[in-house]
Amino acid sequence: MNNYGITKVVKGIHLPGTLSERQRRTLQSLFPFIGLLFIIIFFQVTTGGRMLTSRNLRTIFNQAFPVLLGTCGVSFVLAQGNLDFSLGSIVGTAACFGSLCAGGGLFFSLAASLLAGLLIGFLNGSIHAFFNVSGTVVTLCTQFAFRGVTIILGSAGLFLPLAWSWLDSVQLKIAAGIFAFALVFFLFEYTKFGKYSRAIGAGSKAAVQSGIPLKKMKLLAYMFSGLMAGLCGFFALVRAGSVAPTTGTFFEMNVLLALVLGGMPISGGSAAKLRSALIGSAMFAFLANGLIIWGINDSVQQGVKGVILLIAVALSFERENVITIK
């Protein structure tokens, strides 16, 4: 038997005690659900049953809602093997412009927040796609630039009319969350936008050779990420009733943590699933709320989240796709 025949035989053998690729993928997809259940049970026990009270669940939902919107928006960027570190600054800037335009009415204010996010996303995507600059570098630069805008405008004292407080209702947020997730799920799973984004993450050179418009898809991904971050900025404005220089701070890290906890590999590709946004947002909210109930201060919380993020990235990283991260 020649070497080729031996290779075929060996590949067909399933050694006892080993997992096939399909079984490994199945187990890996279950980890986020197991992790969510573990976090809920762990904090329910260690907080003396305070985690699952009706009042606290309302708080958890308010923590999960903006993260869900952010994860849905940036999922296309991550599917392509890129990152967006400007999300927090977009939230702050969008909140500022939403407040500045509040005098024109509710829809004018919302449109201003969305437009601000869309334009910043367009800027990020244009520089990355057409000038071939790393998306990570671009968004780190715009993060600092637009954080400065938020600090300047937010320090001037920007507020929202008290009559708009009804927008902070749980019912409205549930409806908005369901609509946003359903829309993004459709785009991610059933349109060329989502399929092309995963193909780019699996291999940009192969995607170009297959006729995928690489620059257009990258631009659209960052624009959509900016648009959803703009929506988060509007709801952050509604939630607080005003804009502070710190509005949106650490939001990008919360979103990234939620996605990797939900099983989204930062290297993108075919393993990118939108369910990571939903499961990860819930995991993040329960985790953050549990730490608050424990009485841990913000600085220590950021340290704990950083360690968890490092572990989650190490476990979910698709090393075969490392070359596609830009």
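**Exercise 1. Salt bridges**

In this predicted model, the side chains of aspartate 168 and lysine 173 meet in a salt bridge, with 2.7 Å from N to O. Find which other residue is linked with Asp168 and Lys173 in a network of salt bridges, and state where its partners lie in the chain.

Solution.
Step 1. Check the pair against the cut-off: a salt bridge needs a side-chain nitrogen of Lys or Arg within 4 Å of a carboxyl oxygen of Asp or Glu. The distance between aspartate 168 and lysine 173 is 2.7 Å.
Step 2. Look for a further partner of aspartate 168. The side chain of arginine 239 meets that of aspartate 168 in a salt bridge at 2.9 Å, N to O.
Step 3. Place this pair in the chain. Arginine 239 belongs to helix H10 (residues 214-240), while aspartate 168 sits in the loop between strand S1 (158-159) and helix H7 (170-190); the two are 71 residues apart, and the pair links distant parts of the chain.
Step 4. Combine the pairs. Asp168, Lys173 and Arg239 form a network of salt bridges, and the count for the structure comes to 2 salt bridges.

**Exercise 2. Buried or exposed**

Decide whether aspartate 168 and arginine 239 count as buried, partly exposed or exposed.

Solution.
Step 1. Recall the limits: buried is under 20% relative accessible area, exposed is over 50%, and partly exposed is in between.
Step 2. Aspartate 168 counts as buried because its relative accessibility is 18%. Lysine 173 is buried as well.
Step 3. Arginine 239 has 46% relative accessibility, so it counts as partly exposed.

**Exercise 3. Cysteines**

Determine how many disulfides the structure holds, and examine cysteine 232 as a case.

Solution.
Step 1. A disulfide requires two cysteine sulfur atoms within 2.5 Å.
Step 2. For cysteine 232, the nearest cysteine sulfur is that of cysteine 72, 9.2 Å away, and cysteine 232 is in no disulfide.
Step 3. The total for the structure is 0 disulfides.
Step 4. Add the accessibility. Cysteine 232 is buried at 2% relative accessible area, and cysteine 96 is buried at 0%.

**Exercise 4. Nonpolar residues inside and outside**

Describe the largest nonpolar core, then locate a nonpolar patch on the surface.

Solution.
Step 1. The largest nonpolar core has 65 residues, and Leu69 and Leu78 have the most contacts inside it. Helix H3 (residues 54-79) gives the largest share of this core, 12 residues.
Step 2. List the neighbours of leucine 78, leaving out residues up to four places away in sequence. Among them are Leu83, Leu256, Leu259, Met264 and Ile266.
Step 3. Another core, of 11 residues, lies apart from the largest one; its members include Ala102, Leu158, Trp164 and Val238.
Step 4. Turn to the surface. Leu30, Phe31, Phe33 and Ile34 make a nonpolar patch of about 410 Å². Phenylalanine 33 is found in helix H2 (residues 21-46) and is partly exposed, with a relative accessible area of 40%.

**Exercise 5. Contacts across the sequence**

Which residues does alanine 244 touch, not counting residues up to four places away in sequence?

Solution.
Step 1. Alanine 244 lies in the loop between strand S2 (242-243) and H11. At 30% relative accessibility, alanine 244 is partly exposed.
Step 2. The residues touched are Thr150 and Gly154.
Step 3. Compare sequence with space for one of them: alanine 244 and glycine 154 are 90 residues apart in sequence, but 4.8 Å apart from C-alpha to C-alpha.

Methods:
Residues are numbered from 1 along each chain as its sequence is written. This is a predicted model: local features need pLDDT of at least 70, side-chain atom pairs count only at pLDDT 80 or more; totals for chains, interfaces and linings use all residues. Side-chain values use heavy atoms; hydrogens and water are left out. A nonpolar core is a set of buried Ala, Val, Leu, Ile, Met, Phe, Trp, Tyr and Cys residues joined through side-chain atoms within 4.5 Å. Buried means under 20% relative accessible area, exposed over 50%, partly exposed in between (1.4 Å probe, protein chains only). Helices (H or I, at least four residues) and strands (E, at least two) are DSSP runs, numbered from the N terminus. Contact means heavy atoms within 4.5 Å. Patches are made of residues with over 30% relative accessible area and no salt bridge: like charges are joined within 9 Å, nonpolar side chains (Val, Leu, Ile, Met, Phe, Trp, Tyr) within 5 Å. Accessible areas come from the Shrake-Rupley method with a 1.4 Å probe; for residues, only the protein chains shown count as cover.
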